[in-house]
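Visitor: Could you take me on a close look at the sheet in this model, from how its strands are ordered down to one residue within it?

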Amino acid sequence: MDHQILSRQQILHKINRIAYQIYEAHVEEPEIVLAGIKGGGLEFAKKIKRVLEQITPAKVVLCRVEMDKKDPLSGVKTIPGQESYTGKPVVIIDDVLYSGGTLIYAVHHFLKTPLKQLKTAVLIDRNFKRYPVKADFKGLSLSTSLQEHVRVDFAARNHAVYLD
């Protein structure tokens, strides 16, 4: 049974809040790179980018992070490539932080490049980390059982987060 834990309006509020937190953390920066992990993370990053572009004079660059979430050791690829974020502040964005595996492999990839700063942002932090990674910016911390599944739906008009 699906149990809605965030409505469209609540998600929009969290997107705005996270965008303002990112702006405040980078207020002096001429450019901010948002690295969205393909899937829900990329969709979340696009929404944060839209808000940031309205509130900051900084150039906001969207970078797509591609990886096989079931086999992250197979490699991480970014589009555009590392020349787009070298020496700049980067925020890695995903929709749900569960074990920390996806985020830690993305962080590992970005650490191979000299950056000005590296932060992370998630909509939902599930608090079941197997890896030493945390979200610097998060919409909601949620303590759930291992059997429960959090599903983020960014489908047009029906933004919602469900606990299955």
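Guide: Happily; here is the sheet, then the helices across it, and then a single residue.

This is a predicted model, in which local features need pLDDT of at least 70, side-chain atom pairs count only at pLDDT 80 or more, and totals for chains, interfaces and linings use all residues. Residues are numbered from 1 along each chain as its sequence is written, and side-chain values use heavy atoms, leaving out hydrogens and water.

The open sheet has six strands in the order 4-3-2-5-6-7, with mixed pairing. Strands here are DSSP runs of E with at least two residues, helices are runs of H or I with at least four, and both are numbered from the N terminus; two strands pair if DSSP finds at least two bridges between them. At the edges, strand 4 (76-79) and strand 7 (137-141) each pair on one side only. From one strand to the next, the twist averages 25 degrees. Strand 3 (residues 59-67) and strand 4 run antiparallel, joined by four bridges, and valine 65 faces threonine 78 of strand 4.

Helix 1 (residues 8-25) lies across strands 2, 5, 6 and 7, at about 150 degrees to strand 7. Angles run from 0 to 180 degrees between N-to-C directions, with axes fitted to C-alpha atoms, for helices over the stretch in contact; contact means heavy atoms within 4.5 Å.

Now for the residue: aspartate 125 sits in strand 6. Aspartate 125 is buried, at 2% relative accessible area (buried is under 20%, exposed over 50%, partly exposed in between, with a 1.4 Å probe and protein chains only). Beyond its neighbours within four places in sequence, aspartate 125 contacts Leu97, Lys138, Leu140, Ser141 and Leu142.
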